[in-house]
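Please look over the protein shown here before reading on. The report takes up its domains and one of its sheets.

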Amino acid sequence: MYLKTLHLRQFRNYLDQQVDFSAPKTILVGANAQGKSNLLEAVELLATLRSHRVSRDRDLVQEGATTAQITAVLEREPGCIDLALRLRSSGRRTISLNQQTLGRHLDFLGTLNAVQFSCLDLELVRGSPERRRTWLDMLLVQLEPIYAHILQQYNQILRQRNALLKGLLATSASSDFPPDTPSELGFWDAQLATAGARVIRRRARVIERLAPLAHTWHQQISGSTETLEVRYLPNVGQEDDDPESVQQAFLAKLQQRAIAEQHQGITLVGPHRDEVELIINQTPARQYGSQGQQRTLVLALKLAELNLIEAIVGETPLLLLDDVLAELDPHRQNQLLSTIQDRFQTLITTTHLSSFDNGWLDSSQILTVQAGQIHS
Ligand SMILES: Nc1ncnc2c1ncn2[C@@H]1O[C@H](COP(=O)(O)OP(=O)(O)OP(=O)(O)O)[C@@H](O)[C@H]1O
């Protein structure tokens, strides 16, 4: 797929900016805080309807304005698609494809696919399990837009079950008698197990496909001196892909942890407690990995994501490289360059063109970003 144009209105520090992408690789160069990352963030929003930097739309809308708009023209089979996302400080969004307003986010997701790689991605290795779950979820949303709905359902059920457990805890604290387990809890257990099993099975499947790709990339980049394993550690163990047996395992674990849950007033079982383990040479990368090893690992994961999206969606996703190239040594830079070639449309931000070799510079469109304005 190929992003032909992007138009930003009152988005972050862009008042009204149109960008035409004229080459498979675009380098956005500018000093700090000029709007380079903001532009990539706009593309990320079109791909996932989320920003990895902020959670409130108020932060995305230009200061002093109440709405922002991101529009784009994307070339993909069978033809060009117009995408539009209108954000409001109030949080309400309007999305449309080819000028048709859509009621459901999942009808918009999956139109534009992108893999983002920024220095924040090192948090994939170093950060909390939540960081890895979010990464996995955003990949799944792109591969299978219905997953956005599945995840939302699970989170909603989780919130309701937590509220019930909290209420029960408060009642038991103010009474001498422990409350009976209400039938309402049984109802939420069943709901949680059904929705949770859908999340678990999808996460397991995507890791199963991603892990060998990441392993191969990692071997190539590290010169076969190290082995990377990516392992899914679901909070509710799943032996196979059968929905029924995952649900049964879920309910059994809920029963096992029932007393602890009632004591703590919170749900202790389910995919909101999943982990994705990243292991180099049988040791967790988080504890043992040097900066360089962690970068290699994240690069391998990102290249694996590119391949996986291409294999499943049938088109090449965009690659968004936010200020990471300069941090890679020449070997890893070349590894990336030879993978991308001109097959993956790539948007790259940098503060200095000097970190690129001539191969990159000759084959790229170079745009200068200054105070929310873009010049060629
Ligand atoms: N909602 C907003 N309204 C107006 N300006 C904003 C808004 N959000 C961010 N900005 C401005 O955008 C700029 C930051 O842009 P961005 O994060 O894209 O930096 P960058 O060019 O990628 O720089 P760096 O190299 O430091 O990453 C800052 O000047 C900030 O004040």
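What follows describes the domains and then a sheet.

The model is a predicted one, in which local features need pLDDT of at least 70 and side-chain atom pairs count only at pLDDT 80 or more, while totals for chains, interfaces and linings use all residues. Residues are numbered from 1 along each chain as its sequence is written.

The protein chain is assigned two domains, whose bounds come from an automatic or database domain assignment, and their ranges are listed below.

| Domain | Residues |
|---|---|
| domain 1 | 1–113 + 316–376 |
| domain 2 | 122–314 |

The C-alpha centres of domain 1 and domain 2 are 29 Å apart, and their contact (C-beta atoms, placed from the backbone, within 7 Å) draws on 18 residues from domain 1 and 17 residues from domain 2. On the side of domain 1 that touches domain 2, α1 (36–48) and α10 (330–340) each supply at least two residues, and α10 gives the most, with four residues. Helices (H or I, at least four residues) and strands (E, at least two) are DSSP runs, numbered from the N terminus.

Six strands form an open sheet with antiparallel pairing, in the order β2-β1-β4-β5-β6-β7, where two strands pair if DSSP finds at least two bridges between them. Because β2 (14–20) and β7 (100–102) stand at the edges, each with a single partner strand, one side of each is left without a neighbour in the sheet. Within the sheet, β4 (residues 67–76) and β5 (residues 79–88) pair in the antiparallel sense over ten bridges, and Ala68 stands opposite Leu87 in β5.

Terms used. Contact = placed C-beta atoms within 7 Å.
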